[in-house]
Amino acid sequence: MTKYAMAVDLDRCQGCRGCMTACKVENNTVEGNFWMYVFRFEQGTYPDTEMSFLPRPCQHCDNAPCVKVCPVGARFHRDDGIVLTDADRCIGCRYCELACPYGVNYFNWQKPENAQYTIVDWQDDSLDPVTGGLVPPYKNPDLDQLWGEEQRRTAGGGHDKGVMEKCTFCVHRVEKGLDPACVETCPTDALVFGNVDDPDSPVSQYLREHQTWQLLDEAGTRPSVFYIGGSPPSREVTEIERPKATV
Amino acid sequence: MRRILTVLLIVVGLGLMVVGYVSSAPWGTSSITDADPAFTGAPSVFLIGIVTVLAAALVYELLPARDDDRVE
Amino acid sequence: MVSDTKVKRSLPQGVGQFTPKWMLFTVVAVIVLIAGIAAYLYEASQGMIVTGMANTGTQGGVTWGLYVVMVEYFIGVSLAGIVLASFAKVFRVKALRPISRLAVLLTVCSLLVGVLAILIDLGKPIRGIINMLLYVRPQSPFFGTFMLVAVGVLLTSLLYLYLDGRRDAAYLADIDSGLRWYHRLWAMGYKDTATERLRHRRTMFWLSIFVVPLVIIALSTEGLVFGIQVGRPGWFGSLQGPDFLVLAAASGLANLIVLTAIVRKVLRDDYILIEHTVFNWMGGLLLAATAAALYFQIVELFTLLYATPGNERQLADALLRGPYAWIFWLQLALLTFGLVLLILQGVRRRWSVGVSVVASVAISTSAVAERYLTVIPSQTHGMMLPYAPGSYFPTWVEFTVVAGLFALGALLIGLFIKVFPIVPLNGMKADQEVLVDA
């Protein structure tokens with residue numbers, strides 16, 4: 001059996017948001033959509049303030065509220081614990097987004113092609129030597145494949161206008177035996193991913209050696225993401241430095 | 001005739017609704033497929049069940065009168 | 001009525017007479033409808049980016065906006081009509097019979113519009129219809145919305161409207177008019193023999209009994225859509241279902257009163273068909289429903305006041321003194337105002353049409369606001385994770401589409417009135433032409 005889980009060590013996280021960028025590059029999510037999101041919190045009043053960080057990927061709950069409310073079974077829970085969205089099944093009712101207490105779901109409000117970042121003018125011919133004509137916009141070819149034994153188009157983002165998308169634990173990488181992009185990128189190794197049913201896997205060892213807690217335990221969602229160190233966010237904190245990007 | 005047909009339609013319709021409802025989602029399993037109905041289109045069976053039950057009222061009222069009905 | 005000789009009579013209640021005023025109404029409604037369709041087509045081509053909606057959380061928006069508010073409102077409005085008609089049928093309330101067809105028509109039209117609003121809110125409407133037929137899961141409350149409301153209640157109301165009008169259609173089919181083919185089609189061979197009449201009555205009786213539990217169960221699932229969600233502040237709770245029904249009853253009756261007043265005015269010479277007593281009945285029922293709705297509101301208000309620190313408190317603050325305070329207090333004031341007007345009339349035992357209409361408009365507006373407060377604030381304030389608060393304001397696209405939905409509903413009712421008598425003929429006085437007993 002395989003059961004994937006992620007450990008997030010808050011004592012190591014420095015809030016660099018590199019994981020957010022890696023996720024965007026890997027999954028081609030549109031502007032304003034952050035499948036991996038890192039909260040930057042501030043607590044107290046100047047000069048006695050304290051900052052803390054909280055990476056928030058999809059929690060891939062074993063008792064996922066989004067799976068329960070999906071009217072057409074586009075959102076489903078695999079035996080290995082990954083919760084996925086079938087972009088070809090989703091009808092865009094956005095109920096999953098409301099059911100999720102973590103706020104990890106992102107809807108494609110417009111054609112994804114029109115919502116990619118426009119810092120660069122992709123039509124500029126002088127870019128061709130660099131991009132080899134792969135843009136606009138660059139699209140990871142793995143994302144349109146069918147993955148897993150269920151063989152559905154579940155990987156990556158920016159599929160279609162009017163469908164819901166969210167973190168997939170980079171299912172297209174996991175299926176190849178790789179770590180998710182955020183884990184791969186993290187410069188401080190604050191993110192650890194792997195199979196918890198294998199006692200020798202790095203994540204199993206990490207979880208054994210540390211005390212863990214889970215986000216919004218009281219919601220009864222049984223997440224597959226475990227936090228180490230730090231503390232659950234209180235109501236006293238203020239979110240600062242939200243990304244400027246909007247839909 | 002009219003009554004038999006009406007009752008039959010109601011019974012068949014309710015039966016279809018039960019079948020459609022139960023097979024719309026296999027309860028109690030935890031596999032990948034538990035997000036999908038037992039067979040594709042199972043919800044349509046439920047829908048046809050609703051329509052069949054309602055058709056009973058139409059049949060009861062609209063079936064052209066025959067001699068045996070006059071005796072009622 | 002079975003006579004083969006053609007009777008020279010004109011269609012009753014202005015049916016078939018397309019007056020200038022009616023034409024004006026229709027033209028205006030069609031223009032608004034076209035504007036709504038154009039706005040929706042614009043939205044369909046550009047994506048829902050043209051609405052005020054955005055993702056909750058990091059994007060600080062709401063993912064269910066004005067469309068879902070209106071879905072809840074329209075579906076709520078549909079409750080009262082058919083239940084009232086069934087009530088009148090089963091308990092043989094003669095006073096309510098003249099408006100029973102109007103009541104069922106209101107149910108049908110508001111349901112049609114509500115279901116359309118659901119489709120408009122979907123990111124993929126066509127795939128939505130197909131996948132609902134192929135995959136819809138009973139675990140999701142949308143099973144109730146789709147199977148029970150959009151299919152069950154809508155078809156039952158249409159069936160009710162059709163069968164209930166069959167006798168009148170048979171009568172109209174005897175009249176030489178341009179609409180004769182239509183009335184013949186509706187009558188479907190009905191001859192009004194004693195057997196047929198008995199059978200007709202029996203069908204309507206059982207249909208009336210069947211429809212009430214169906215409507216109550218089906219519409220409760222609209223409240224459950226919110227009531228089973230633990231992931232949002234202010235939603236989880238067993239009261240969402242009953243709360244939805246009570247406000248639905250009030251808003252439905254309020255709309256019916258306004259419609260009745262309009263129809264009564266339109267019928268002019270025939271206004272005697274709708275006697276003043278229906279306003280006594282409906283006013284009393286609306287009073288009860290509004291009192292119950294206000295009771296629920298106050299219970300909720302007290303719960304909000306005592307909300308514990310945490311995300312529920314954030315939501316309570318947003319509602320009571322935050323960005324939503326003006327809507328919250330305004331809707332409470334409107335509901336109270338409507339209730340006071342109704343109570344004053346009830347105490348004096350004199351129900352004025354004008355005052356009832358004013359009260360109804362206040363209550364109906366309050367219902368829209370209350371649906372708004374159910375859907376929107378829980379998405380922007382008091383999220384379980386400490387996201388910064390969000391905000392939402394609908395864009396012109398959303399307002400135009402919603403106006404189009406109202407226009408469509410009005411247009412359907414207006415058209416119906418011109419092709420079929422809105423007051424059941426068998427409710428007419430014995431000294432008038434139609435001698436059919438109840």
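# A tour of the predicted model

Start with the largest nonpolar core of this predicted model. The core has 206 residues, and those that touch the most other members are Leu191(A), Met70(C), Ala117(C), Ala250(C), Leu253(C) and Leu286(C). Now select helix α2 of chain C, residues 66-90: this helix gives the core its largest share, 17 residues.

Keep that helix displayed and pick Ala117(C). Leaving aside residues up to four places away in sequence, Ala117(C) touches Tyr67(C), Met70(C), Val71(C), Phe74(C) and Leu405(C). Another core lies apart from the one just visited; this other core has nine residues, including Ala169(C), Ala170(C), Ala187(C) and Leu425(C).

## Helix α3 of chain C

Select residues 100-121 of chain C, which form helix α3. At 1.5 Å a residue its 22 residues should span 32 Å, and the end C-alpha atoms are 32 Å apart, so the two values agree. Is this helix enclosed or open to the outside? Of the 22 residues of α3(C), 21 are buried, so the helix is largely enclosed by the rest of the structure.

## Where chain A touches chain C

Show chains A and C together. Here 42 residues of chain A are in contact with 39 residues of chain C. On the chain A side, α2 (65-69), α3 (95-99) and β6 (106-107) each supply at least two residues. Which element gives the most to this side? The answer is α3(A), with four residues. Coloured by class, the residues of chain A that touch chain C divide into 25 nonpolar, seven polar and 10 charged.

## A four-stranded sheet in chain A

Hide chain C and look for the open sheet of four strands in chain A. Its order is β8-β1-β10-β9, and the pairing is mixed. At the edges stand β8 (191-195) and β9 (212-213) of chain A; each has a single partner strand, so one side of each is left without a neighbour in the sheet.

Next, select strand β1, residues 4-9 of chain A. Five bridges join β1(A) to β8(A), and the two strands run antiparallel. For one position across this pair, find Ala5(A), which stands opposite Gly194(A) in β8(A).

Then add residues 202-209 of chain A, helix α7. This helix lies across β1, β8, β9 and β10 (225-228) of chain A, and runs at about 115 degrees to β8(A).

## A three-stranded sheet in chain A

Move to the other sheet on this tour, also in chain A. It is an open sheet of three strands in the order β3-β2-β11, with antiparallel pairing. Its edge strands are β3 (50-56) and β11 (238-240) of chain A, each of which pairs on one side only. From one strand to the next, the twist averages 40 degrees.

Select strand β2, residues 37-43 of chain A, and follow its partners in turn. Seven bridges join β2(A) to β3(A), and these strands run antiparallel. Two positions can be checked here: Val38(A) has Pro55(A) as its bridge partner in β3(A), and Phe39(A) stands opposite Leu54(A). The hairpin of β2(A) and β3(A) has six residues between the strands; in this hairpin, Gly44(A) takes a positive phi near 90 degrees.

Now look from β2(A) towards β11(A). Three bridges join these antiparallel strands. Which residue is the bridge partner of Phe41(A) in β11(A)? Selecting Glu239(A) shows that partner.

## Chain B

Finish with chain B, shown first beside chain A. Six residues of chain A are in contact with four residues of chain B. By class, the chain A side of this contact has two nonpolar, one polar and three charged residues.

Then show chain B alone. Chain B has three helices and zero strands. Of its 72 residues, 35% count as buried. Among contacts in chain B between residues at least 6 apart in sequence, 71% join residues at least 24 apart.

Select residues 2-24 of chain B, helix α1. This helix has 23 residues and reaches 32 Å from its first C-alpha to its last, close to the 33 Å expected at 1.5 Å a residue. Within α1(B), the residues to highlight as buried are Thr6(B), Leu9(B), Leu16(B), Met17(B), Gly20(B) and Ser24(B). As a last step, add α2 (42-62) of chain B, which is included in what covers those buried residues.

Methods:
Residues are numbered from 1 along each chain as its sequence is written. Chains are lettered from A and ligands numbered from 1 in the order in which they are written. This is a predicted model: local features need pLDDT of at least 70, side-chain atom pairs count only at pLDDT 80 or more; totals for chains, interfaces and linings use all residues. The expected span of a helix is 1.5 Å times one less than its number of residues. A residue is buried if 20 or more other C-beta atoms lie within 10 Å of its own, exposed if 12 or fewer, and partly exposed in between; C-beta atoms are placed from the backbone. Two residues are in contact if their C-beta atoms, placed from the backbone, lie within 7 Å. Ala, Val, Leu, Ile, Met, Phe, Trp, Tyr, Cys and Pro count as nonpolar, Asp, Glu, Lys and Arg as charged, and the others, Gly among them, as polar. Two strands pair if DSSP finds at least two bridges between them. Axes are lines fitted to C-alpha atoms, for helices over the stretch in contact, and angles run from 0 to 180 degrees between N-to-C directions. A nonpolar core is a set of buried Ala, Val, Leu, Ile, Met, Phe, Trp, Tyr and Cys residues joined through C-beta atoms within 7 Å.
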